[in-house]
Amino acid sequence: MYQIVRRQQLQSNIVLMDIKAPRVAKECLPGQFIIAKMDEFGERIPLTICDYDREKETVTIVVQTIGAGTERMMDLKEGDFLMDFVGPLGCPSELCLEKNLEETRKKKIVFIGGGLGTAPVYPQVKWLHEHGIDADVIIGYRNKDLLFYEEEMRSVAGNLYVTTDDGSYGFHGNGCQQLQALVDEGKKYDLCVSIGPMIMMKFVCLLTKELGIPTIVSMNPIMVDGTGMCGACRLVVDGKVKFACVDGPEFDGHLVDFDQAMKRMQQYKSEEGRAKLAYEEGDTHHGGCGHCGGDK
Ligand SMILES: Cc1cc2nc3c(=O)[nH]c(=O)nc-3n(C[C@H](O)[C@H](O)[C@H](O)COP(=O)(O)OP(=O)(O)OC[C@H]3O[C@@H](n4cnc5c(N)ncnc54)[C@H](O)[C@@H]3O)c2cc1C
Ligand code: FES
């Protein structure tokens, strides 16, 4: 069992929790995720590791209510327990690996986080800051009331740019428009990392392709097992089939087929859609187990 040792309400529908999880806290790196399960009836919920404290043996998650599983998580209090907290899953961010540090130091990096995507950006920016690299960070929200993590991000970012779609705070516009404005002012970037809704990452990639800035995205399709077996998180990257849970979640954004990923995610939501996908995708439908909850 994994205890919630701190709980902070960030927004009416967003909560931050520190979970006592010694093994995950010891091994995890920025870019990875966990799968949480509240109890034996609970759904398996993939959540990005938003911070960790190896001494306190805690892992921070930030949860936004979407459906029944996350709604139930929202009701948990400090001191309550989660039944499962499986991880770390997925590959760590290449940027946050000691072996790549010298190369990373040479780069001028900009992060673009959208909405909830701000939280998973944080551990990467923090890791870089702790290794002497100050990245620029753009965080975008629909409006001022939805803003969170500003001070945390400011403390680790080189320059922080906050944007709101309605202009109620910071730059009036979205992350793409802010990046374009910075480039127009003469800023030069060698790498962009974007985390947020798929549609946002798609548009960031269209822009950065035009600007000639290599871009990494963190893909968050529907996941079930998180171990490459079920096929839920199938993507097409550079024309090849990949599974976000084991091959990602980070990919070269300029090679991701976002339209296919968004269409597939919609289809995967219904039993009929899954059956159609299983038929169309044939042998490449599953990551490994060869069956899909009896759908095949
Ligand atoms: C690698 C990864 C990291 C993630 N990190 C976070 C995080 O840090 N914080 C957070 O709040 N959420 C995160 N998510 C999304 C989160 O896992 C889902 O919102 C959650 O599983 C929904 O569960 P539910 O039971 O509340 O909703 P459900 O009842 O299962 O679903 C509600 C609706 O949301 C859809 N849905 C489910 N999963 C997703 C998804 N991944 N993308 C889009 N639509 C989906 C369903 O099809 C349904 O229409 C992440 C997802 C992935 C794959
Ligand atoms: S969640 Fe990735 S293959 Fe099942």
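# A tour from Pro88 to helix 9

Pro88 has its place in strand 8. Select Pro88 together with Gly87 in this predicted model: the peptide bond joining Gly87 and Pro88 is cis, with omega about -5°.

Now widen the selection to strand 8, residues 84-89, and add strand 4, residues 45-48. Both belong to an open sheet of 3 strands, ordered 4-3-8 and paired antiparallel. Strands 4 and 8 are the edges, each pairing on one side only. From one strand to the next, the twist averages 25°. Add strand 3, residues 33-37, to see the antiparallel pairing with strand 8, made over 4 bridges. Within that pair, look for Lys37, which stands opposite Asp84 of strand 8. Strands of a sheet pair through backbone hydrogen bonds, so showing these bonds helps in following the pairing.

Next, select strand 6, residues 58-64. Is strand 6 enclosed by the rest of the structure or not? Of its 7 residues, 6 are buried, so strand 6 is largely enclosed. Strand 2, residues 14-20, runs antiparallel to strand 6 and is joined to it by 7 bridges. Strand 5, residues 51-53, is also antiparallel to strand 6, with 3 bridges between them. Pick Val59 in strand 6: its bridge partner in strand 2 is Ile19, and Tyr52 also stands opposite Val59.

Follow the chain from strand 5 into strand 6. The two form a hairpin with 4 residues between them. Stop at Glu57, in the loop between these strands. Glu57 is not a glycine, yet has a positive phi of about 60°. Most residues other than glycine have a negative phi. Glu57 counts as partly exposed because 17 C-beta neighbours lie inside 10 Å.

A second residue of this kind is Tyr149, in the loop between strand 10 and helix 5, residues 150-154. Phi of Tyr149 is positive, near 70°, and Tyr149 is not a glycine. With 19 other C-beta atoms within 10 Å, Tyr149 is partly exposed; the cut-off for a buried residue is 20 or more.

Move on to helix 6, residues 175-184, and colour Gly175, Cys176, Gln178 and Leu179, which are buried. Why do they lie on the same side of helix 6? They cover an arc of only 160° around the axis, which puts them on one and the same side. An α-helix has 3.6 residues a turn, so residues three or four places apart point the same way. To see what covers the buried residues of helix 6, show strands 9 (109-114), 10 (136-141), 11 (160-164) and 12 (171-172), along with helix 7 (198-211); the cover includes these elements. After helix 6 comes Gly186, with a positive phi near 110°.

Keep helix 7 on screen and add helix 9, residues 258-268. The two pack at an angle of about 170°, with their axes 10 Å apart. Helix 7 and helix 9 are therefore roughly antiparallel. Show side chains for the contact: from helix 7, Met198, Ile199, Met201 and Lys202 meet Phe258, Ala261 and Met262 of helix 9. Of the residues in this contact, 6 are nonpolar, none is polar and 1 is charged.

The last stop is Pro249, in the loop between helix 8 (244-247) and strand 17 (250-252). The peptide bond from Gly248 to Pro249 is cis, and omega is near 15°.

Technical notes: Residues numbered from 1 in each chain as written. Chains lettered and ligands numbered in written order. Predicted model: local features only at pLDDT ≥ 70, side-chain atom pairs only at ≥ 80, totals over all residues. Pairing = 2+ DSSP bridges. Axes fitted to C-alpha atoms, helices over the stretch in contact; angles between N-to-C directions. Buried ≥ 20, exposed ≤ 12 C-beta atoms within 10 Å, placed from the backbone. Arc of directions from axis to C-beta. Contact = placed C-beta atoms within 7 Å. Parallel < 35°, antiparallel > 145°, perpendicular 65-115°, else oblique. Nonpolar A, V, L, I, M, F, W, Y, C, P; charged D, E, K, R; others polar.
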